[in-house]
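The two exercises below are meant to be worked through with the coordinates open. Try each task before reading its solution.

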2 protein chains.
Amino acid sequence: MKNKKSIKIENIHPGLSVDCVLFGFDNNELKILLLKLKSIEKWALPGGFVEKDKDVSEGTNSVLKERIGLENIFLKQFYLFGNVSRNENSHTKLLIEHKIISEDLREWFQQRFVTVGYYALVEYSKVKETTVDFISESCEWHSINELPEMILDHKKIILKAHQTLKKELNSEPIGLNLLPKQFTMPELQALYETVLEKKLDRRNFSRKMLNYRILIATNQRRAGVRHKAPKLYEFDEIKYNQAILDGFNSVW
Amino acid sequence: MKNKKSIKIENIHPGLSVDCVLFGFDNNELKILLLKLKSIEKWALPGGFVEKDKDVSEGTNSVLKERIGLENIFLKQFYLFGNVSRNENSHTKLLIEHKIISEDLREWFQQRFVTVGYYALVEYSKVKETTVDFISESCEWHSINELPEMILDHKKIILKAHQTLKKELNSEPIGLNLLPKQFTMPELQALYETVLEKKLDRRNFSRKMLNYRILIATNQRRAGVRHKAPKLYEFDEIKYNQAILDGFNSVW
DNA sequence: GCAAAAGTGTTAATGGTACACCCATGG
DNA sequence: CCATGGGTGTACCATTAACACTTTTGC
């Protein structure tokens, strides 16, 4: 299955896979990191299998490292996709026909799989020189609004991840790991608007954000724009992480 | 594995189990439905395995029906527990020693399992005459504050279910399926206080609840109390279910 | 100087918090 | 008639929504 330290299927947890929805933000668009499979005109979420002696979350991190060279991503488990209908043997057939996997793995690949969905927010610019593994030919960001043809139920997985993310915005901040270290208030707002898919009032947004007390105003401004230069902010990481733990807007 | 239409382990999805946290409300306490295992002084969440040709959610419903005779419960998936450390072979040993499972299933039971947690809210009084399957000797409600000795990580699963439930109260109502058809405002409040583990102001609670517009005031009152008889309410099921879908208290 | 977008302010409506007071009931 | 708990009201405060006006910048 793997190129370097080849993993034996006997050591892999049967019938279980993981899939990661990596969200990035660029050009006022929400983007997802996808892998183009070799020989097939379809894309896939970075994902893979978990070894029997590894925790699922740990295994998921290993998968990301091995498939696209990303380490230490904060992943959040959001759902287990366990419908029978998500398994499609035509997919395995193609993989074998194109010699991406060998014939003797046919049976193993054709077993019924359930998959655990994880998502993470990653800074777009940091994921430029990713490596890809031997079953993928490239790794690219795609706008969530213009997804290419994808294998299995990967589009559904992305949809569910996006829904979960939207809902979490009601009780948690977003932005750290998704924006560069320094950013302007309008940039942060654009991120929120993109994730939520709706316009927000500029003035109310700013006030509300500042009231959360997770931002540090620097005394620098973003220069070179043909209008008033906006202030640069940073997240107060201590308070930001505390807010993630405690949650905002608790009603009871 | 099963008594009547015996399920063959070849047809079961390997390494995957489901566990159900059934919440009930009685005597101002939050209770969990637990099964007492035969021959072992430990209790377990009702749970089991999923057949290869069944959706996980469907399989979970079947498990509940087969183990405790409950049907048509609205189950909510909340987490996949996938740590290696949750597997304990001493448990399998005991099951075999006490002939609850046969020797030839040892290997199958000793494989590493991940388990999907589901929870549901069920009306306490409706679950009186539950049947139990052949590996359990009884089925009882236990206060979440006084849980008996439990197998594996089942206490952790209950804790996580409770945390999830608390968090969901910020965006969804609770009570339908957990209270009888008619209930008083103080009873509803007691439910909220129990789940949230905190006291709420009587007058503000009532106003807020009524503002959600999911209650129907009947013109009856709960008689026989030695103080002013409280009004009886019912949930407007249409609006209640709509509220579950739409969510309350969206901040953006 | 003008367009574009940032920064700041104001106001009304809403909802939450923290109370006080009266009412019905059984003992 | 009184203790107990239910029902209703109110005043204050914080937050939200919907706005107007001023400031800075590049061209």
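**Exercise 1.** Place B:Ala190 in its helix and decide whether B:Ala190 is buried or exposed.

*Solution.* Begin with the secondary structure: B:Ala190 belongs to helix H5 of chain B, residues 185-196, where a helix is a DSSP run of H or I with at least four residues, numbered from the N terminus. The model is predicted, so local features need pLDDT of at least 70 and side-chain atom pairs pLDDT 80 or more, while totals for chains, interfaces and linings use all residues. Residues are numbered from 1 along each chain as written, chains are lettered from A and ligands numbered from 1 in written order, and side-chain values use heavy atoms, without hydrogens or water. Next, B:Ala190 counts as buried because its relative accessibility is 11%, the class being under 20% with a 1.4 Å probe and protein chains only. Finally, leaving aside neighbours within four places in sequence, B:Ala190 is in contact with B:Phe25 and B:Asn28 (heavy atoms within 4.5 Å).

**Exercise 2.** Which residues are closest to DNA strand D, and which atoms of A:Arg226 and DNA strand D lie 2.9 Å apart?

*Solution.* Among the 18 residues that surround the strand, the closest are A:Arg203, A:Arg226, A:Lys228, B:Arg203 and B:Lys231, a residue being near when one of its heavy atoms lies within 4 Å. For A:Arg226, a backbone N or O atom lies 2.9 Å from a base oxygen of DNA strand D. For B:Lys231, by contrast, a polar backbone atom is 2.7 Å from a phosphate oxygen of DNA strand D. To close, H6(A) gives the most to this surface, with 4 residues.

Technical notes:
Helix = DSSP H or I, 4+ residues; strand = E, 2+ residues; numbered from the N terminus. Buried < 20%, exposed > 50% of the residue type's maximum accessible area, 1.4 Å probe, protein only. Polar contact = N/O pair within 3.5 Å; in protein donor to acceptor, adjacent residues only side chain to side chain.
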